[in-house]
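Reader: I would like a close look at a single part of this model, followed outward into its surroundings, with the cut-offs given for each term.

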Amino acid sequence: MKKILLLGDIHANFPALKAIEKHIKPDRFDRIINTGDFTVYSTFPNETIQWFRKRKKTICIFGNTDRRVLRILNGKKLKRPRKKEKRVMYFWTSENLLPENIKYLKSLPQKADFTTGSIRIGVFHGTCDDPDEELFPDAPEARFHQLAKNSACQIHIMGHSHVPYYKIVDGVHFINPGSVGRMFDGDPRASFAILRVYSNKIAVEHFRIPYGVEKVVKGLKKNNLPHIYAKMFQVGKKLN
Ligand SMILES: [Fe+2]
């Protein structure tokens, strides 16, 4: 049996990641997956990236927020997001990332896949077709059929929608562990999942873990960042 830790959409919320670490002991896993969006909306992007850099057996990809931070660092114009408060968060992140962590982000792929036994597992930020596609569990079944056809993977691990779910369509397992650091469903607790792959069985378990939201609020206040994000972490909802 292989035990795989599924993380994603951390959004620089290191206190949430540490709470998960305390709860499950990551070193006991065969693999640690991160579906991307390490950065933006909280003030701990360096701590978050370093947590992955110092670990072995990780499979990480970048997400749309990471891609935009790298765009700024490459001196390119940032068209989106348009909202002023959001842009403040992106520029703050790009100004505060340490060189070794920028280098790490730049080294990451947009998607990844690996095999466990005879099972091929794909890691995507959005979907296997589009890293920016938000695939919600209530998306039309036809879309899941298409995605099942468009990839050779039997398991798709995806992020981006921040909605935890597990669906099997045409024998393909679609798993979203939810967001470690920025949940939108009104429950501010950190979300993650554990995948167990046996020789002929796949099992998925989702978890929600409370963490010290006040540490995130303190970090935002200390850096004079838009108040709306402190509120967002406190209530676990998208506010803008
Ligand atoms: Fe995200």
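What spacing do the donors of the iron ion follow along the chain?

Author: This is a predicted model, in which local features need pLDDT of at least 70 and side-chain atom pairs count only at pLDDT 80 or more, while totals for chains, interfaces and linings use all residues. Residues are numbered from 1 along each chain as its sequence is written, and side-chain values use heavy atoms, with hydrogens and water left out.

The donors of the iron ion follow the spacing D-x1-H-x25-D-x124-H. They are D9 (OD), H11 (NE2), D37 (OD) and H162 (NE2), which coordinate the iron ion at 2.1 to 2.3 Å; donors are N, O and S atoms within 2.8 Å of the metal (3.2 Å for Na, K and Ca), and since water is not among the atoms, sites may look incomplete. The angles among the 4 donor atoms run from 85 to 177 degrees, and the site is irregular. That word covers anything outside the regular classes: four donors count as tetrahedral if all angles lie between 85 and 135 degrees, while four count as square planar and six as octahedral if opposite donors are over 155 degrees apart and all others between 65 and 115.

H11 lies in the loop between strand 1 (2–7) and helix 1, and D37 in the loop between strand 2 (31–34) and helix 2 (45–53), so the pair ties together parts that are 26 residues apart in sequence. Helices (H or I, at least four residues) and strands (E, at least two) are DSSP runs, numbered from the N terminus. Both H11 and D37 are buried, a term for under 20% relative accessible area, with exposed meaning over 50% and partly exposed in between (1.4 Å probe, protein chains only). H162, in the loop between strand 6 (155–158) and strand 7 (165–169), is buried as well, with a relative accessible area of 4%, and has a positive phi of about 65 degrees although H162 is not a glycine.

The loop between strand 2 and helix 2 also holds T35 and V40. T35 counts as buried at 0% relative accessibility, and among the residues that T35 touches, not counting those up to four places away in sequence, are the donor D9 together with L7, V123 and H125; contact here means heavy atoms within 4.5 Å. V40 is likewise buried at 0% relative accessibility, and its phi is near 80 degrees, a positive value in a residue other than glycine.

From here the view can widen to the nonpolar packing. The largest nonpolar core (a set of buried Ala, Val, Leu, Ile, Met, Phe, Trp, Tyr and Cys residues joined through side-chain atoms within 4.5 Å) has 47 residues, of which L7, F52 and F233 touch the most other members. Helix 1 (residues 14–24) gives the most to this core, with 6 residues. Apart from this core lies another, of 18 residues, including I4, I61, V123 and L195.

F52 also belongs to one aromatic cluster with F38, W51 and Y104. The ring centres of W51 and F52 are 4.9 Å apart and their planes stand at 70 degrees, so the pair is edge-to-face. For such pairs, rings of Phe, Tyr and Trp (its six-membered ring) must have centres within 6.5 Å, and planes under 30 degrees apart count as stacked, over 60 as edge-to-face and the rest as tilted.
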